[in-house]
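Colleague: I am new to reading models of this kind, and I would like a close look at a single part, the place where the two domains meet. Please go slowly, and afterwards carry on to a few other spots that help me read the rest.

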Amino acid sequence: MPLFFQEAAVMNDSIAGMITQATYFAASVLFILGLKSLTRPDSARRGMQQAAVGMLLAVIGTLLNQHILTYQWILIGLVVGAAAGWPMAMKIEMTAMPQFIAFSHAFGAIAATLVGVVEYRELGRTGELTHGLAGALGFEVLFGALTVTGSFMAFGKLQELITGRPITFKGQNFFNVALIGVAFLSFAWLIYQPDAQWAFYTVVGLALFLGISMVLPIGGGDMPVVISLLNSYAGLAAAATGFAIGNNVLIIAGALEGAGGFILSVIMSKAMNRSFGNVIFGAFGAPPAAAGAKGPAKEPKSISAEDAATQLAYASSVVVIPGYGMAVAQAQHVCRELADLIEANGGAVKYAIHPVAGRMPGHLNVILAEAGIDYGALMTDVDDANRVLKDADIAIVVGGNDIVNPDAENEKSSPLYGMPIFRPWTAKVTYVIKRGKGVGFSGVENPLFTLDTTRMIYGDAKGALGTLVKEIKALSEGH
Ligand code: NAP
């Protein structure tokens, strides 16, 4: 090739490289801004958009890479991925979001693990495998492979393809710790001797096995914490990939995901008043040990929709406490209708949102936002909400259970003991809307339901709230 064309090609290469780095920089800034915006419900949607634009820029920047030999397989991957991902994301129910996230994590982790394996083989073939690169690749496949099987297990438990109960056996924690030990020893050997293929593939194999064996003893209800921890692992694997293939945006995005997932897991554990170790090794969700004799069980008292509606119509302050059942029933819109009616009658309505209400962080915030409920009416601090509850006329628990269980304060043997909870019983009266006597995620009974000031309204949350709305409307129309 004449010198001029060679120089032009080199210049083209460096311009494309500069554009790639500029898009990576912009993408990284957008990821950080996106995370920042996600910390507030009113800017969360914008946060998702910022992160999505960031990801688009990162993809475009990567496609400009001059070392791409052919776009054919990239295009095929794009079409297959979009054809599978788009309908899944559009159709998924909000309540199935945790398992959907686990499912999509598994695929991200498969990608990271495969890149690690291919890169290890390639670098081995060309003799460029250094101690540092072997370390980065070993780290990548360790966390990547663990996330693959762990995420599929989490998906299976949440989708009830396998039992959501913890599966335990004697010496399980010791067995898992021993496996982790062998995996780390192989990893250390790989760094010491980068071309030791057996060490590399032992890390891959053990990590795949660890993903299964570490998630087995964890109850279905703890899965959101596990998923967010696996999210963190997937981030670490991606960051390690970034180091191995020299990609800055992967390092930054992976580090953000790694830190974000870990912080979220810790926040969730804290809100459930469980230590991180207890979530991972505690086999929470196993059938509770037979409780001591507590005397004959008291029966909850119920109230008719007409009577409840009359009270609500004349209440001056009402606190709604939504729980998982509200999400299952998709009762947010009718809940808002009820609140509008109470407010039209001169009452004030506030919503107490527990940090672990529902089945994923922010679950109820999202649902209430979807119904257009004003953020100013949401109380997300448990202590603040409890102060407001003390002066409320009526507290309505809609499909909630564990988040209002007094045993969390009074009963040391309860698995909920120590979890900060709302105290609806301090209001003049508490209405609880639920379908029957079903327990909450922790599987324990709730003495709130049999307190003297509690009245049950049995039924699906959407139907029961709808009946209350009808009754209040009938009252206002003077029927
Ligand atoms: P919960 O304790 O699981 O209770 C939900 C209640 O809703 C059930 O007792 C059920 O009783 C009722 N219900 C279900 N479907 C309903 C429907 N269609 N209409 C009316 N009621 C319905 O929920 P929670 O009070 O929100 O507490 C959340 C629990 O999940 C906590 O223990 C928390 O630690 C755990 N958790 C949360 C997260 C998170 O990130 N949010 C993560 C992990 C674990 P019936 O069957 O009688 O109707």
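Modeller: What follows starts with the contact between the domains and then moves on to a helix, a lysine and some aromatic rings.

This is a predicted model, in which local features need pLDDT of at least 70 and side-chain atom pairs count only at pLDDT 80 or more, whereas totals for chains, interfaces and linings use all residues. Residues are numbered from 1 along each chain as its sequence is written, and side-chain values use heavy atoms, with hydrogens and water left out.

The domain assignment of the protein chain gives domain 1 (7–282) and domain 2 (305–478), and such bounds come from an automatic or database domain assignment. The C-alpha centres of domain 1 and domain 2 lie 38 Å apart. To their contact (heavy atoms within 4.5 Å), domain 1 brings 14 residues and domain 2 brings 19 residues. Between them the two domains bury about 1400 Å², with 77% of it on carbon and sulfur atoms; buried area here is the accessible area (1.4 Å probe) that two parts lose on being put together, summed over both. On the side of domain 1, M94, T95 and A271 lose the most area to domain 2, together 37% of what that side buries.

As for polar links, the rule finds 0 salt bridges across the interface of domain 1 and domain 2, a salt bridge being a side-chain nitrogen of Lys or Arg within 4 Å of a carboxyl oxygen of Asp or Glu. The count of residue pairs in polar contact between domain 1 and domain 2, both at pLDDT 80 or more, is 0 as well. A polar contact is a pair of N or O atoms within 3.5 Å; within protein, one must be able to donate a hydrogen and the other to accept it, and residues adjacent in sequence count only if both atoms are side-chain atoms.

Helices (H or I, at least four residues) and strands (E, at least two) are DSSP runs, numbered from the N terminus. On the side of domain 1 that touches domain 2, α2 (41–63), α4 (97–126) and α9 (248–271) each supply at least two residues, and α9 gives the most, with 3 residues.

Helix α2 appears again around α14 (residues 363–370), because α2 is included in what covers the buried residues of α14, along with β1 (317–322), α12 (324–329), α13 (332–344), β2 (348–352) and β3 (378–379). The buried residues of α14 are H363, L364, N365, I367 and L368, where buried means under 20% relative accessible area, exposed over 50%, and partly exposed in between (1.4 Å probe, protein chains only). After α14 comes G372, whose phi is positive, near 75°.

K157 is found in helix α5 (residues 131–158) and counts as buried at 2% relative accessibility. A polar atom of the K157 side chain lies 2.7 Å from the backbone oxygen of L216, and the backbone oxygen of I218 likewise lies 2.7 Å from a polar atom of that side chain. Not counting residues up to four places away in sequence, the residues that K157 touches include I162, R165, V215 and M223.

Lastly, the structure holds 14 aromatic pairs. Rings of Phe, Tyr and Trp (its six-membered ring) pair if their centres lie within 6.5 Å, and planes under 30 degrees apart count as stacked, over 60 as edge-to-face and the rest as tilted. The rings of F200 and Y201 have centres 5.2 Å apart and planes at 90°, so this pair is edge-to-face; F200 is buried, with a relative accessible area of 0%, while Y201 is partly exposed at 34%. Ring pairs also link F139, F143, F184, F187 and Y233 into a cluster.
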